[in-house]
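Hi everyone, thanks for making room for me today. Please have a look at the sequence and the structure as they come up, and I'll talk you through a few spots.

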Amino acid sequence: SSLLVFMRAFADFGTPMLDFFGHPEWGRRLLAIIEAMLVEKTILTPDMGGTATTSEVGDEVVKRIEEA
């Protein structure tokens with residue numbers, strides 16, 4: 001599934017990159033947001049059992065970042 005692939009890739013590359021650039025908290029926040037969305041199962045793409053588009057999932061991630 002595309003969201004799961006993204007999450008794995010982010011965990012493998014994105015989080016360490018944010019750590020390297022001095023932003024470890026952002027890596028933790030983004031992973032927490034993605035994990036919460038997977039648990040809630042409200043805004044997911046069809047390959048994850050939802051009906052949202054990739055853009056809608058991205059918009060929700062951005063919304064949650066702004067609310068944090």
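Gly27 has a relative accessible area of 0%, so this glycine counts as buried. Keep in mind that we are looking at a predicted model. Gly27 sits in helix 2. What does Gly27 touch, once we set aside residues up to four places away in sequence? The list is Phe10, Thr15 and Leu18. And for a sense of distance, Gly27 and Val61 are separated by 34 residues in sequence, with their C-alpha atoms 13 Å apart in space.

Let's follow one of those partners. Thr15 belongs to helix 1. Is Thr15 buried or exposed? Its relative accessible area is 14%, and the cut-off for buried is under 20%, so Thr15 is buried. Leaving out neighbours within four places in sequence, Thr15 is in contact with Phe10, Gly27 and Leu31. So if you click on Phe10, you'll find that name in the contact list of Gly27 and in that of Thr15.

Compare that with another threonine. Thr51 is in the loop between helix 2 and helix 3. Thr51 has a relative accessible area of 78%, so this threonine is exposed. Beyond residues up to four places away in sequence, Thr51 touches Leu44 and Glu56.

Now for the core. Which residues make up the largest nonpolar core? There are 12 of them: Met7, Phe10, Leu30, Leu31, Ile33, Ile34, Met37, Leu38, Leu44, Ala52, Val57 and Val61. Helix 1, spanning 2–20, helix 2, spanning 24–40, and helix 3, spanning 54–67, are the elements that give two or more residues to this core. The biggest contribution comes from helix 2, with 6 residues.

One of those core residues, Leu31, brings us to Arg8. Arg8 and Leu31 are 23 residues apart in sequence, and their C-alpha atoms are 9.7 Å apart in space. Arg8 is a helix 1 residue, and with 55% relative accessibility it counts as exposed.

Next, please turn the model to look at how two of the helices pack. The axes of helix 2 and helix 3 come within 10 Å, crossing at roughly 125°. That angle is why helix 2 is described as oblique to helix 3. The crossing of helix 2 past helix 3 is right-handed. On the helix 2 side, the contact is made by Trp26, Leu30, Ile33, Ala36, Met37 and Glu40. On the helix 3 side, you have Val57, Glu60, Val61, Arg64 and Ile65. Sorted by class, this contact has 8 nonpolar residues, 3 charged ones and no polar ones. Several of these names should sound familiar: Leu30, Ile33, Met37, Val57 and Val61 are among the residues of the core too.

Last stop, a backbone detail. Most residues other than glycine have a negative phi. Which value does phi take at Lys41? It is near 55°, a positive value in a residue that isn't glycine. Lys41 is in the loop between helix 2 and helix 3. With a relative accessible area of 62%, Lys41 is exposed.

That's my tour. Thanks for listening, and I'm happy to go back to any of these spots with you.

Note on methods: Residues are numbered from 1 along each chain as its sequence is written. This is a predicted model: local features need pLDDT of at least 70, side-chain atom pairs count only at pLDDT 80 or more; totals for chains, interfaces and linings use all residues. Side-chain values use heavy atoms; hydrogens and water are left out. A nonpolar core is a set of buried Ala, Val, Leu, Ile, Met, Phe, Trp, Tyr and Cys residues joined through side-chain atoms within 4.5 Å. Buried means under 20% relative accessible area, exposed over 50%, partly exposed in between (1.4 Å probe, protein chains only). Helices (H or I, at least four residues) and strands (E, at least two) are DSSP runs, numbered from the N terminus. Axes are lines fitted to C-alpha atoms, for helices over the stretch in contact, and angles run from 0 to 180 degrees between N-to-C directions. Angles under 35 degrees count as roughly parallel, over 145 as roughly antiparallel, 65 to 115 as roughly perpendicular and the rest as oblique. A crossing is left-handed if the near helix is turned anticlockwise from the far one by less than a right angle, and right-handed if clockwise. Contact means heavy atoms within 4.5 Å. Ala, Val, Leu, Ile, Met, Phe, Trp, Tyr, Cys and Pro count as nonpolar, Asp, Glu, Lys and Arg as charged, and the others, Gly among them, as polar.
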